Amino acid sequence: DVTCVLGDGMVIDLEHLTKEIEALRGKGIPITPENLKLSKRATISMPWHRVQDELEEARLEKDGSAFGSTRRGIAYAYSDKYRKKTLRLGDLLHLNEGYIHNRLHMMLDAKNMELSGCYHQEPMSYEALLNWCYAQAAQFGPYICDAGAYLQAASNAGKRIVLEAQLGAMRDIDYGIFPYTSSSNTLAAYAPLGAGIPNVRLNHV
């Protein structure tokens, strides 16, 4: 009887999410667009983010200065979010529009320069990237919505909303033990903003 919402401020690894959904379905839990909502404003962790994370962590390990990354590309996805060099989930609903193709070309050109120039990797294929995007759109399109509007309506109706983030205050990107932090704001006060309902006040932490 609970609806799970992945909110506006999130970075989402769609391949990892696919595995989570499969694991839950394997336990008999139904996952449908009725009980899983994905924010159209959430940032997509692109295929190159994990690759870049693994390459950089391996480079740093050589002199013992590795951060202990999970190697899932999270920091690189957040970095590209602020550089405006990634897609948001809502973009998957408009893949046939020219401006999305232009953005994909721009992002891939920039990323290939980084991967080949810094790590001497073979360039990634635009065709493969586009096919990956279409596959994600086909799978997750029905789940993508305006999560903030959904949660605002739930709040207005007096529904109970539980906001969850990972880690704790000392891992917050701004207020934590820098540089040994996460890549996002983990403070409770940030939760309504990241969920897309910044006007809703917390009543319990």
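This short presentation describes the fold of one protein chain, from its overall form down to a single residue.

Please note that this is a predicted model, in which local features need pLDDT of at least 70 and side-chain atom pairs count only at pLDDT 80 or more, while totals for chains, interfaces and linings use all residues. Residues are numbered from 1 along each chain as its sequence is written, and side-chain values use heavy atoms, with hydrogens and water left out.

I begin with the whole chain. It contains seven helices and five strands; these are DSSP runs, with helices being H or I of at least four residues and strands being E of at least two, numbered from the N terminus. In order from the N terminus, the elements read β-β-α-β-β-α-α-α-α-β-α-α.

What is the radius of gyration of the chain? The value is 18 Å, which agrees with the figure near 17 Å for a compact globule of 205 residues. The radius is taken over C-alpha atoms, and the globule rule is 2.2 Å times the number of residues to the power 0.38. Along the principal axes, the C-alpha atoms fill a box of roughly 55 × 45 × 35 Å.

Of the 205 residues, 37% are buried, where buried means under 20% relative accessible area, exposed means over 50%, and partly exposed lies in between, using a 1.4 Å probe and protein chains only. A contact means heavy atoms within 4.5 Å. Among contacts with a separation of 6 or more, 66% join residues 24 or more positions apart.

I turn now to the sheet. Strands of a sheet pair through backbone hydrogen bonds, either parallel or antiparallel. Here three strands form an open sheet in the order β1-β3-β5, with parallel pairing. The edge strands, each pairing on one side only, are β1 (4–6) and β5 (144–145). Two strands count as paired if DSSP finds at least two bridges between them; β1 and β3 (residues 36–39) have three. In this arrangement C4 stands opposite L36 of β3.

Next comes helix α3, residues 74–82, whose buried residues are Y76, A77, Y78 and D80. These residues pack against β2 (11–12), β4 (43–44), α2 (47–61) and α4 (98–119). Just after α3, K84 adopts a positive phi of about 60°.

Finally, consider T43, which lies in strand β4. Is T43 buried or exposed? T43 is buried, because its relative accessible area is 2%. Leaving aside neighbours within four places in sequence, T43 contacts residues including V11, I12, A77 and K81.
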